[in-house]
Amino acid sequence: MSKINILWADDEIDLLKPHILFLREKGYEVQTANSGDGALDLVKQQNFDIVFLDENMPGLSGLETLNRIKVHNPELPVVMITKSEDEGIMENAIGSKISDYLIKPVNPNQILLSLKKTLDNKRLISEKTTSGYQQDFRNIGMTLSDKLSYKEWIEVYRKLVYWELELEKSKDDSMAEILQMQKTEANKLFGKFIEANYLKWLHGLMPEVPLLSHTLLKSRLAPELAKEGPIFLVVIDNLRFDQWKMIQPIIGEYFRVDSEELYCSILPTATQYARNALFAGLMPSEIEKKYPNLWLNDEDEGGKNMHEEELLQAQLKRWGKDIKCSYNKITNHAAGKKLAESVNNLLLNKLNVIVYNFVDMLSHARTEMEVIRELADDESAYRSITLSWFEHSPLHDIIKQLASKKARLIITTDHGTIKVTEPSKVVGDKNTNTNLRYKQGKSLSYEKKDVYEVRNPSDAFLPKQHVSQAFIFAKEDQFFAYPNNYNYYVTYYRNTFQHGGVSLEEMLIPYVALSPK
């Protein structure tokens, strides 16, 4: 490995000879300059790994030199050294993107620590992350071998997402691969857990029943409505827990998290079912029975989520809440901008619901647009593109405005999504729905080991259109493929992000209450 090449610029460089000898003995190359101009000349002539820069030099000052170095090479780390503890100088230096800041007199060990912190930071963090996951890998593995409760499953999933994001930062591909294998194993066991417990939850036959789509708002939102001030409920369609953790730091600039929990989406984990249940406070078959004019089945023509506002208003009425409420569904950038311009008007309402469809559009576009396929090629890229969208979205602007107006904010979703890799053959009649992660219809033929089957839809509070109708849900990373044109179908949909089935990513989803800073 080549030596680290250091440039040290100080008008009293002769007084620093002991420090320079110390660094050379430690194996570093050190070149010196006694002015800002001299430092700039050297930076332009050769490559350095780091610059130590005196702030108070005659002629070109340290800050001026720093700015010119950054123009020439923005990525070159610069450590500022100064006698002054003046706050303005510190702020100027930090604003100019220095890597570290030292106050004179400095001792050799301070210099060495600064070098390690600046140059070895990523490597040290990566090694610590890898070591941390290696230890937790065993703990997670032992936990998975137990018979887990719903709360324990949430903790396992939180840990897996945490390590996935940490290993992504550390760029350790080998550890990331091991984590992916552990996630696969977890999803396999979670599928069995859902098969054993889901229907019991719905029928109240378990001592521990998780928060589900249809119970969420009554349990969590209703108590909030008794408090002072307006509430904004933002439902970002298809937002996974890991995607929430990606955008959380940006939102954290304006809001503090009061509570963050994972609730469980109902099955199918699809917008038509999960989001209608969320807003209605009822399961799909209950909606169909109570409000037949507000429900469409898979076989019916027309949009399946056209009556969310009416369903929400009916739920509020059942709670005895007579409040001013707005509902806005954003399906494109222009609609988002228009809403951002009218935030002040919304503050007059007690409850404002904003459904933001971007993440859902992205996951569907992922299968249909070649550009999006390439941009969101894997889990990391999928998270990254969500973050990039949010940073530049009208929703980001809306949230900033809400913080300045001291409004309370709730962020949630209706279901998540999973990257599918393994095809599972299914055969159905012409009325069978097209979703890749769940199928409902008559006389379905399928691989039983790949699915969670509900032979009687009524058991899962799902509409029953035919006597022989059944629902099947894909488990793990499976996706349904028809035998006709099988190879083309598999090639087209493999490695795309889908929802509707049974997985940690689709079912365990965020509900976050925030208050302005």
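In the next few minutes I will go through two parts of this structure, the largest pocket and then strand 16. Please keep in mind throughout that this is a predicted model.

Let me begin with the largest pocket, whose volume comes to about 570 Å³. Its lining is made up of 23 residues, and the ones closest to the centre of the pocket are E164, A176, Q180, E379 and S380. If we ask which elements of the chain supply this lining, at least two residues each come from helix 7, spanning 150–170, helix 8, spanning 173–202, helix 18, spanning 379–391, and strand 11, spanning 418–420. Helix 8 provides the largest share, with 8 residues of the lining. As for the character of the lining of this pocket, 14 of its residues are charged, while 5 are polar and 4 are nonpolar.

I turn now to strand 16, which covers residues 469–474, and here one may ask why this strand is largely enclosed by the rest of the structure. The reason is that 6 of its 6 residues are buried, so strand 16 is largely enclosed by the rest of the structure. Looking at the two faces of strand 16, we find Q469, F471 and F473 pointing one way, with A470, I472 and A474 pointing the other way, and all of them are buried.

What, then, pairs with strand 16? Strand 13, residues 438–442, pairs with strand 16 in the antiparallel sense over 5 bridges, and within that pairing Y438 has F473 as its bridge partner. Strand 15, residues 451–454, also runs antiparallel to strand 16 and is joined to it by 4 bridges, with E453 standing opposite I472.

Conventions
Residues are numbered from 1 along each chain as its sequence is written. This is a predicted model: local features need pLDDT of at least 70, side-chain atom pairs count only at pLDDT 80 or more; totals for chains, interfaces and linings use all residues. Side-chain values use heavy atoms; hydrogens and water are left out. On a 1 Å grid over the protein atoms alone, a cavity is a set of points where a 1.4 Å probe fits but cannot get out, and a pocket is an open set with protein on both sides within 12 Å along at least five of seven lines; lining residues have an atom within 4 Å of a point. Grid points are joined across faces, edges and corners, and a volume is the space filled by probe spheres set on the points. Ala, Val, Leu, Ile, Met, Phe, Trp, Tyr, Cys and Pro count as nonpolar, Asp, Glu, Lys and Arg as charged, and the others, Gly among them, as polar. Buried means under 20% relative accessible area, exposed over 50%, partly exposed in between (1.4 Å probe, protein chains only). Two strands pair if DSSP finds at least two bridges between them.
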